[in-house]
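User: I would like to learn how to read features off a model. Please take me through one, step by step.

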Amino acid sequence: MSEPRAVTAAAGPRRWGYLAEFDSVDALLAAVEKVRDAGLVRFDAYAPFPVHGLDESMGLRTSRLPLVVLGGGIAGAAAALVMQWWMNAFDYRYIISGKPFFGLPVAIPITFELTILLAAVGGFLGLWVANRLPELYHPVFASARFRARATTDSFFVAVQADDPKFDAAGTRLLLEVAGARQVEEVEDE
Amino acid sequence: MMSQVSGPVSEQRRLGAMGERLWRGAALAGVVALGVSLGVAAATPDGWRRFFFAYLLAFAYVLSLALGSLYFVLLHHLTNSGWSVVVRRIAELFAGTLPFLGVLGLPLVFAAGELYPWARAGFVGAPGKAAYLNVPFFAARWVVYLAVWGALGGLYLRRSSAQDVSGDASLSVTMRRWSAPAMIAFALTLSFAAFDLLMSLDPGWYSTIFGVYYFAGAAVGVYALLPLVAFLLQRAGFIRRSVSVEHYHDLGKLLFGFVVFWAYIAFSQYMLQWYANLPEETHWFVVRQQHGWGWVGLALVFGHFLIPFAALLSRAPKRRPRFLAAVAAWMLVMHWVDLYWLVMPAASPATPALHVVDLTVLAGLVCLLVAAAAFLARGRALLPEGDPRLAESLAFENA
Amino acid sequence: MSAQPFLPDNTVEAPGKRAPLVLGGNDFASVTEKVCGIVERPRPPRAWYVAFAISSALTALLVAVVGYLFLAGIGVWGLNIPVGWGFDITTFVFWVGIGHAGTLISAILFLFRQKWRTGINRFAEAMTIFAVMCAGMFPAIHTGRPWFDYWLFPYPNQMYVWPNFRSPLLWDVFAVSTYFTVSLMFWYTGMIPDLATLRDRATTRVRKIAYGVLSLGWRGSGRHWHRYERVYLLLAALATPLVLSVHSVVSFDFAVAQLPGWHSTIFPPYFVAGAIFSGFAMVITLLVPVRAFFGLKDLVTTRHLDNMAKITLATGLMVAYAYGVEFFMAWYSGNPFERFALANRALGPYAWAFWIMIGCNVVAPQAFWFKKARTTPWMLVGVSVLINIGMWFERFVIIVSSLSRDYLPSSWGYYKPTWVELCTLAGSFGLFMTLFLLFLRFGPMIAMAEVKSVMPAAGLERGPHHGHGQYWGEIPHQHDPQKGDARP
């Protein structure tokens, strides 16, 4: 249990960390705060639904994804305006129904749609890039308890063994004291 | 949290002596400003004509704030809202001024001949409309609108104040039950008031969206008015514990939303008439694009839409009450510019320049509006203390 | 189905209290069990097969008549000058409108914190996707030579021409395709946690692989949820103006023209209100039987239906307002053509369609003023079906009655659809229902993760988690002393 990590790393399956199961939202939040306050950083919480206040309990920084969305929106607006001007008022000019080659009022609808489209695509793709998904394999899936209940009705906290403050006995104790129903050791292949 | 706020009141919730000073001072200032306006009107050539237009403009402005407030109160009950309880009284006070505004609105009937071409003898510019556009019918409609608004504004303020004392939850049920028919009456009277008051300044022009346009401005008005008034009250030491950053945040979101809604409605009206290019419609915009009026329109595009859009887009600015109050004050100015752009080209198509009487009448009516609201606040709490949802509102938090 | 537990009435909300949104003593596990159980049963109920047989037969009919259209040309439709748009564009606008309820429920009600949306949003979003697919088909097939439809897009080509961006028809291409794309992303993003639940419960290899790939390896990580919630909010904030814009752009197709009856500035908000009106009516029409059939009355409660009926009534009144303003303004304009167009609508050759529209869209929804009608399933469905009929006729009235009698009496005409158009309309319902039944069979029809997040055990009612955001400095910040401030 308490052997140094360097030794286990050499042989077969490597300890990835601990996975502790909790029964309720309140227990999860309390445990996460204990883990955070213990100075651990390579940890994660798992819940079947977005838990209100979990991000603060975990001490997560506000995501910068809104900037990606904003960038997408600006790019979309600029692209739409340039495209409409260039195609209708520069590259291929023709008079139709007495309208100017390029008029801002008629350019607004497509500009709006492309603004929304690129902003939304930016947010959508940004989300999966930032979350590093798809990732079909992950060590926590090795746990049968996790597979059975993590997306249904149970709450988990995982602490990774490569955390600088990870301590095989101490971390297990921390999780147990925090009220874990059980603490499981998870291996990476 | 909950016990802390629903326990003994530990904040100033009544205006008290300051309210007395406020209403007397504002009323005096309003009367003086109107007196000055009358003097200016009498002293300048063509001054009376400009005075009446300035009065119409200022009245349409304060009316839109009061109607916006009525809309806020009705919507609050209609949707069974929780978060907005703590700011509802402010809206109720402004909606409660509607009976008084009704009195202020009567001069417009007598000035119809000055303001509206169709009210002048021998007008032939809008054939076939005389059945609607005539002074007696105009006056009768006007009385109906003012009666409906006055009744609703007064009723909701009285019911809610009664609940402060009794805490009777059944009052909430009654107010809610009446909110749906009241909203229908509100929508119809507001639309037709907009047609009568503003659209018929140019009797040849028509736009089916015009009622919605005036409503959008009124909604921007109230969602700017509430954070500004709440901020000023808090700065003066009132309701400091009840109205929190969370409430400002929500008001800011709604202000942002209705700034966009206004832009959507304004764009729809402009683009559709621009595109179809029918002379009987476009002349209205042509007047508003010539002789410097185009700059006012451009100022609206930036000041009424793009600047507040950028200012309120992200989360943080909406959670800074001081900043939000500044944006709200800016929007109240721009809302006035919007009405100026609607009204004044009818009076002075040749130049958008301000006339001094525009500002003095505006100051007069705004002061009287504030005085009326402060007068109504006497003996009332600044938030509906007896509302069963008050605790929910106090504990409210943006997820 | 028959073994529904006793469910309390949650449509009454005493002031100061909030009624529960999930009834019947459900916990997190039973929500999962209930929703996944529908997808996991070895074979669907017999009624599903019957419905699927009918709808796929109609879809086959659609393929047949569209194939015939392609071979024979647009002449097989009843369209001719002056009526160049008939069933095709009517049905297009109808389906786009139906597609509005989903995004409204998902995005706008989300922004307004209407927690009851969680019971119905997935269902409505799925409906949106399928309705927009049906809608998109009609402009594509009505062009005459649909194999050149790709000319609509601005791509560099050897003809050295670009599309005309000043045409509202091109705006439609952008609006509808953007709407479809964004709705799809929104729907899929919302569904990923539920797909992960289905993956974790899957027993067969095919299901394990299918749901495993579709759920992208979602594991409910708090770090993921954090970004997920942020992006979901942003997508909702983007989808809200988008949903307004789409039907506005559709309305521009008509309103930019000079044709009396089409050119009206209130069209954009009026079309949006009508779209939400019809969309909600469609959600009610489908949801009432589905919730009864799959035993979901404790997750999609009477309160949900009551609320939807109220929104239907509210939007119906907005539509009635727009009808009224149009008539008033046509008279007020003093323009003889405007006056004629509206009088012709109510009294001319298409008066029958107009009065069907008024009866279904203005009169019928008034039943929803009564709670009895808002909470009795058959009444809800009855009124909603009438509204759907009425909203189809609304578009028919606007398009056909205006086109059939414009400025020049010598070119007036009367449009009658052919059997091909009738079959295409019926077939589009078949396509919609087929897709919908497949979704009911293979997808999570209720957003489990979202429903769980509004249940009492999710802790939303705990009260403020961090300081209450007081602004004025002299009030001490209320902190839980054990927690401290989490944000740096």
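Reading the model

User: Start with a charge over a ring. Over which ring face does Lys318(B) lie?

Analyst: Lys318(B) lies over the face of Phe256(B), 5.3 Å from the ring centre. Chain B offers another case: Arg141(B) sits over the face of Phe137(B), at 4.4 Å from the ring centre. Keep in mind that this is a predicted model.

User: Then how is confidence read? What does chain A average in pLDDT?

Analyst: The pLDDT is the predictor's confidence in each residue. Chain A averages 87, and 94% of its residues score at least 70. Now go element by element. In chain A, helix 5 (residues 104-130) has the highest mean pLDDT, 93, and helix 1 (residues 5-10) the lowest, 47. Over residues 1-10 of chain A the pLDDT is below 50. That stretch has 14 contacts in the model beyond near neighbours in sequence.

User: Next, aromatic pairs. How many are there over all chains?

Analyst: The count is 106 aromatic pairs over all chains. Take Phe337(C) and Tyr407(C). Their ring centres are 4.8 Å apart and their planes stand at 65°, so the pair is edge-to-face; the cut-off for that class is over 60 degrees.

User: Where do Phe337(C) and Tyr407(C) lie in chain C?

Analyst: Phe337(C) is in helix 11 (residues 336-347) of chain C. Tyr407(C) is in the loop between helix 14 (377-404) and helix 15 (419-442) of that chain. The pair therefore ties together parts that are 70 residues apart in sequence.

User: Are Phe337(C) and Tyr407(C) buried or exposed?

Analyst: Buried means under 20% relative accessible area, exposed over 50%. Phe337(C), at 40%, counts as partly exposed. Tyr407(C), at 36%, is also partly exposed. Now look at Trp392(C) and Phe393(C), another edge-to-face pair, with 5.3 Å between centres and 85° between planes. Trp392(C) is buried, at 9% relative accessibility. Phe393(C) is buried as well, at 15%.

User: Which residues form an aromatic cluster with Trp95(C)?

Analyst: One cluster joins Trp95(C) with Phe94(C), Phe123(C), Phe130(C), Trp187(C), Phe429(C), Phe432(C), Phe436(C) and Phe439(C).

User: On to cores. How many residues does the largest nonpolar core have?

Analyst: In soluble globular proteins, nonpolar side chains tend to be buried together. Here the largest nonpolar core has 344 residues. Those with the most contacts inside this core are Phe59(B), Leu63(B), Tyr116(B), Trp142(B), Tyr223(B), Trp95(C) and Met445(C). Helix 3 (residues 47-78) of chain B gives the largest share, 20 residues. The core also draws at least three residues from each of domain 1 (15-47 + 137-166 + 174-188) and domain 2 (65-130) of chain A. Apart from this core lies another, of 10 residues, among them Leu19(A), Phe141(A), Phe146(A) and Phe156(A).

User: What is Tyr223(B) in contact with, leaving aside neighbours within four places in sequence?

Analyst: Tyr223(B) contacts Tyr71(B), Phe72(B), Leu75(B), Leu251(B), Leu254(B), Leu255(B) and Phe258(B).

User: How many Å separate the centres of domain 1 and domain 2 of chain A?

Analyst: The centres, taken over C-alpha atoms, are 45 Å apart.

User: Last, a residue before the helices. Where is Pro15(C) placed?

Analyst: Pro15(C) is in the segment before helix 1 (28-40) of chain C. Beyond its neighbours within four places in sequence, Pro15(C) contacts Ala169(B), Ser172(B), Val173(B), Pro388(B) and Arg389(B). Pro15(C) and Glu450(C) are 435 residues apart in sequence and 25 Å apart in space, C-alpha to C-alpha.

Note on methods. Residues numbered from 1 in each chain as written. Chains lettered and ligands numbered in written order. Predicted model: local features only at pLDDT ≥ 70, side-chain atom pairs only at ≥ 80, totals over all residues. Heavy atoms only, no water. Phe/Tyr/Trp six-rings, centres within 6.5 Å; stacked < 30°, edge-to-face > 60°. Helix = DSSP H or I, 4+ residues; strand = E, 2+ residues; numbered from the N terminus. Buried < 20%, exposed > 50% of the residue type's maximum accessible area, 1.4 Å probe, protein only. Lys NZ or Arg CZ within 6 Å of the ring centre and 35° of its normal. pLDDT = per-residue confidence, 0-100. Contact = heavy atoms within 4.5 Å. Core = buried A, V, L, I, M, F, W, Y, C linked by side-chain atoms within 4.5 Å. Domains from an automatic or database assignment.
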